[in-house]
Amino acid sequence: MRQLKGKTKETNKQKKERKKEFMENKQRVFTIVLPTIAAVFVIIAAYIYIKTRPKLLEY
């Protein structure tokens, strides 16, 4: 039988697996990526605070 050009029809099992992977990736964003971005932001904010605070003058 000749193969048709273009996309092949997705089975129900493949569709369920694809949706499951999408949901896992979405959950991974909240568990890994967002806390990492928050940690980097806190480190940058702490660095800026330390570098811009007034120095103590001793006579």
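**Group meeting: a single-helix predicted model**

Val29 is partly exposed, with a relative accessible area of 36%; buried here means under 20%, exposed over 50%, and partly exposed in between, with a 1.4 Å probe and protein chains only. The model is predicted: local features need pLDDT of at least 70 and side-chain atom pairs count only at pLDDT 80 or more, while totals for chains, interfaces and linings use all residues. Residues are numbered from 1 along each chain as its sequence is written, and side-chain values use heavy atoms, leaving out hydrogens and water.

Val29 lies in helix α1, residues 12–52. The chain has one helix and zero strands, helices being DSSP runs of H or I of at least four residues and strands runs of E of at least two.

UniProt, in an unreviewed entry, places a "transmembrane region" at residues 29–50; such annotations may be inferred rather than shown by experiment. That span is 100% helix and 0% strand, and its end C-alpha atoms lie 31 Å apart.

Val29 also joins Phe30, Ile32, Val33, Leu34 and Ile37 in a nonpolar surface patch of about 530 Å². Patch residues have over 30% relative accessible area and no salt bridge, and nonpolar side chains are joined within 5 Å.

Turning to charged contacts, the structure holds one salt bridge, that is, a side-chain nitrogen of Lys or Arg within 4 Å of a carboxyl oxygen of Asp or Glu. Glu10 and Arg18 form this pair at 2.9 Å, N to O. Glu10 is partly exposed at 33%, as is Arg18 at 43%.

Finally, buried residues make up 0% of the 59 residues in the chain.

Methods: Patch = residues over 30% accessible without salt bridge, like charges linked within 9 Å, V, L, I, M, F, W, Y side chains within 5 Å. Areas by Shrake-Rupley, 256 points an atom, 1.4 Å probe, with all protein chains shown as cover.
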